[in-house]
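Hi,

Here is the structure I said I would pass on. Have a look at it first, and then read my notes below.

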Amino acid sequence: MRVYYVIFPIIIISLMLIFSGLINITYGQVSANLTEESIENNLNGLQILSYSSFTDSIGYLHVVGEMKNNYPSTATFVRIVGTFYDINNQVVGTQFTYANPSDIGSGEKAPFVLILRSASIPISQIDHYSLQASYQ
C-alpha cells in the first residue's frame with residue numbers, strides 16, 4: 001500500500017507539469033537508447049495526440065499521453081496497449097491501461113498513464129516501443 005503513496009504523487013505531478021507546458025516533452029525518449037517505434041492511430045477514430053516516457057526513481061517506466069476521440073459517438077473503455085521491444089526488435093514486454101476517463105465523448109480528449117512495472121523486464125533491455133489505442 002505504501003508504494004501507492006510514492007507512485008500516485010509522481011504520476012499526478014508529472015501529468016500536471018506535462019499538460020501545463022512547464023516541461024518540454026521529448027516524444028518517445030526515456031534515455032539515450034529508448035525511442036518510440038510507432039503509434040497506431042485510426043485517424044478517423046481514436047488518435048494518440050501526444051506522449052512522453054520516463055523512468056521513475058524505483059525503476060518503473062511511465063508512458064504518459066493524451067487521446068482524442070474523432071468518432072461521431074462516444075468511445076467506451078478506451079484502452080492503450082504498449083508493446084516494448086529490445087534492440088533486435090523482439091518483444092520484451094507488453095502493458096495496457098485505460099484512458100482517464102475510460103469513456104471519451106465525440107471530439108473530446110483524455111489523458112492516459114501506462115506503467116511498465118514488471119521486475120522481470122529490466123528497463124535497460126527496452127530499446128523502443130509502440131502504442132495502440134482501441135475501444136469497445
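Among contacts in the protein chain with a separation of 6 or more, 64% are between residues 24 or more positions apart. Please keep in mind that this is a predicted model. The chain has 1 helix and 7 strands, and the order from the N terminus is α-β-β-β-β-β-β-β. Of its 136 residues, 38% count as buried. The exposed area comes to about 7600 Å², with carbon and sulfur atoms supplying 53% of it.

One pair to look at across the sequence is Tyr 85 and Asp 127: they are 42 residues apart along the chain, yet their C-alpha atoms are 5.9 Å apart in space. Tyr 85 sits in strand S4, and it counts as buried because its relative accessible area is 14%, with the cut-off at under 20%.

Next, the inside. The largest nonpolar core has 22 residues, and those touching the most other members are Val 63, Met 67, Val 78, Ile 80, Phe 84, Phe 112 and Leu 131. At least two residues each come from strands S2 (46-55), S3 (61-69), S4 (79-85), S6 (109-116) and S7 (128-134). S6 gives the largest share of this core, 4 residues.

Strand S5 (residues 91-98) is worth a stop too, and I'd start at Thr 97, which lies in it. Is Thr 97 buried or exposed? Its relative accessibility is 14%, so Thr 97 counts as buried. Leaving aside residues up to four places away in sequence, Thr 97 touches Val 78, Arg 79, Ile 80, Phe 112, Val 113 and Leu 114. Three of those names may look familiar: Val 78, Ile 80 and Phe 112 are also among the core residues that touch the most other members. With Val 113 there is a polar pairing as well: a polar atom of the Thr 97 side chain lies 3.0 Å from the backbone oxygen of Val 113.

The next residue I'd click on is Tyr 98, also in strand S5. Tyr 98 counts as partly exposed because its relative accessibility is 36%. Together with Phe 77 and Phe 96, Tyr 98 forms a nonpolar patch on the surface, and the three have about 290 Å² of accessible area together.

Phe 77 from that patch has a backbone feature of its own. Although it is not a glycine, Phe 77 has a positive phi of about 50 degrees. It is placed in the loop between S3 and S4, and with 42% relative accessibility Phe 77 counts as partly exposed.

Which other non-glycine residue has a positive phi, of about 65 degrees? That is Asn 89, in the loop between S4 and S5. Asn 89 is partly exposed, as its relative accessible area is 43%.

One last backbone item, past the end of S5: the peptide bond from Asn 100 to Pro 101 is cis, with omega near 10 degrees. Pro 101 is in the loop between S5 and S6.

If you only have a few minutes, I'd go to the Thr 97 side chain and the Val 113 backbone oxygen, then the patch of Phe 77, Phe 96 and Tyr 98, and then the cis bond from Asn 100 to Pro 101.

Cheers

Terms used: Residues are numbered from 1 along each chain as its sequence is written. This is a predicted model: local features need pLDDT of at least 70, side-chain atom pairs count only at pLDDT 80 or more; totals for chains, interfaces and linings use all residues. Side-chain values use heavy atoms; hydrogens and water are left out. Buried means under 20% relative accessible area, exposed over 50%, partly exposed in between (1.4 Å probe, protein chains only). A polar contact is a pair of N or O atoms within 3.5 Å; within protein, one must be able to donate a hydrogen and the other to accept it, and residues adjacent in sequence count only if both atoms are side-chain atoms. Contact means heavy atoms within 4.5 Å. A nonpolar core is a set of buried Ala, Val, Leu, Ile, Met, Phe, Trp, Tyr and Cys residues joined through side-chain atoms within 4.5 Å. Patches are made of residues with over 30% relative accessible area and no salt bridge: like charges are joined within 9 Å, nonpolar side chains (Val, Leu, Ile, Met, Phe, Trp, Tyr) within 5 Å. Accessible areas come from the Shrake-Rupley method with a 1.4 Å probe; for residues, only the protein chains shown count as cover. A salt bridge is a side-chain nitrogen of Lys or Arg within 4 Å of a carboxyl oxygen of Asp or Glu.
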